[in-house]
Protein chains: 2
Amino acid sequence: MALPNGPVATSSEAEAVLFDLVDIYDRAYEAAAAELSLSSAQACVLGRLDERRGMGALAEELGCDASNITQIVARLEALGLVTREPNPRDRRARLVARTPRGDEINHRFATAFTFARTAVGRLSPDEQDQLTALLRKALG
Amino acid sequence: MALPNGPVATSSEAEAVLFDLVDIYDRAYEAAAAELSLSSAQACVLGRLDERRGMGALAEELGCDASNITQIVARLEALGLVTREPNPRDRRARLVARTPRGDEINHRFATAFTFARTAVGRLSPDEQDQLTALLRKALG
DNA sequence: TTGTTTGCTTGAGTGAATCAAGGATCATTG
DNA sequence: CAATGATCCTTGATTCACTCAAGCAAACAA
């Protein structure tokens, strides 16, 4: 998503700031991925592989079709960032795991994506707690 | 973007909540658009046409290539939601405007995208102000 | 007028996403 | 044990978003 998600005639200031936040967050995420020549989706999948897991588990967690994961993982594999090993317990299944280079790239991505860290860092510990509480309440 | 943008080993609770917020927001936006058979990008562009404007202005505001806007507007036009009139002042340029049906769909989209409204609505007016202040500070 | 810039479109190419269909393997159960 | 059905994943076909390079036409400047 390069185009921002909003605003649709924001009625309150809080809504407008919420939109700004989401937009800047998304762009920062995409920019950090782009620095490493990854798409957002690739960075996302790579970031979920702290432990090896099956394609289906990824699809379910990320809320998309399994065939989408197949494609993304195939590209990550072609980049040498991920392996698709057979699952010894179930020969239909595959276990996806990061390679050492995948670990490195993932780490560099985490370093490059500074937005959330920086934003939260502008707040005092007390303010961070307040923000957490407010957002939790807002999320219901 | 169907895949979520994060999390990359969130270090603080505030960061984690921030990620949740962004993810839910983006999904809600996409879902609202899908209800009207629109993509996020189409809903976004449609929402920026409260006043007629040129392709270039849209591209600049949305931070993407002009040719991207050409495509999206072409699809909106094919759906009858938008017109591309010649600009009397500059015959190179086009003025994009919503049709009455585009107005209606845009309004229905604004109604369907309840997330931000609902989330903010869970907070008292005081809390809304606090949230606004905290997010502004966090955004720097 | 000549040349340059501007506004938009076209064409080519990549990637994300979804759906339908299929192959292989597992798991039941008659 | 053999047939059935469910599960895990891949393939193929399509659509859309997005980007870049080229190009056309109108505006503008020298």
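**Note on a two-chain model with DNA strand C**

1. Chain B is superposed on chain A by a rotation of 180° with 0.0 Å of shift along its axis, at an RMSD of 0.0 Å. The two copies are thus related as by a two-fold rotation axis. In keeping with this relation, the same surface serves both copies, since 100% of the contact residues of chain B recur in chain A. The reader should bear in mind that this is a predicted model, and that the values here are to be read accordingly.

2. Turning to the contact between the chains, 49 residues of chain B are in contact with 49 residues of chain A. On the side of chain B that touches chain A, the elements that give two or more residues are α1 (13–35), α2 (40–47), α5 (100–112), α6 (115–121) and α7 (125–139) of chain B. The largest share of this side comes from α1(B), which gives 13 residues. Sorted by class, the side of chain B that touches chain A holds 31 nonpolar residues, together with 9 polar and 9 charged ones.

3. Which residues come nearest to DNA strand C? Of the 26 residues around the strand, these are A:Ser39, B:Ala2, B:Gly54, B:Gly56 and B:Ser67. Both chains give elements to the surface near DNA strand C: those with two or more residues are α2 (40–47), α4 (66–78) and β3 (90–98) of chain A, and α3 (55–62), α4 (66–78) and β3 (90–98) of chain B. The largest share of this surface, 5 residues, comes from α4(A). By class, the surface near DNA strand C divides into 9 nonpolar, 9 polar and 8 charged residues.

4. In chain A, 3 strands form an open sheet with antiparallel pairing, in the order β1-β3-β2. Its edge strands are β1 (53–54) and β2 (82–87) of chain A, each of which pairs on one side only. The antiparallel strands β1(A) and β3(A) are joined by 2 bridges, and A:Gly54 has A:Leu95 as its bridge partner in β3(A).

5. The last point concerns the nonpolar interior. In soluble globular proteins, nonpolar side chains tend to be buried together. Here the largest nonpolar core has 73 residues, and of these A:Val45 and B:Val45 touch the most other members. When its neighbours within four places in sequence are left aside, B:Val45 is in contact with B:Leu58, B:Ile72, B:Val73 and B:Leu76.

How values were computed: Residues are numbered from 1 along each chain as its sequence is written. Chains are lettered from A and ligands numbered from 1 in the order in which they are written. This is a predicted model: local features need pLDDT of at least 70, side-chain atom pairs count only at pLDDT 80 or more; totals for chains, interfaces and linings use all residues. Two residues are in contact if their C-beta atoms, placed from the backbone, lie within 7 Å. Helices (H or I, at least four residues) and strands (E, at least two) are DSSP runs, numbered from the N terminus. Ala, Val, Leu, Ile, Met, Phe, Trp, Tyr, Cys and Pro count as nonpolar, Asp, Glu, Lys and Arg as charged, and the others, Gly among them, as polar. A residue is near a molecule or strand if its C-beta atom, placed from the backbone, lies within 6 Å of it. Copies are superposed by least squares on the C-alpha atoms of residues with pLDDT of at least 70 in both. Two strands pair if DSSP finds at least two bridges between them. A nonpolar core is a set of buried Ala, Val, Leu, Ile, Met, Phe, Trp, Tyr and Cys residues joined through C-beta atoms within 7 Å. A residue is buried if 20 or more other C-beta atoms lie within 10 Å of its own, exposed if 12 or fewer, and partly exposed in between; C-beta atoms are placed from the backbone.
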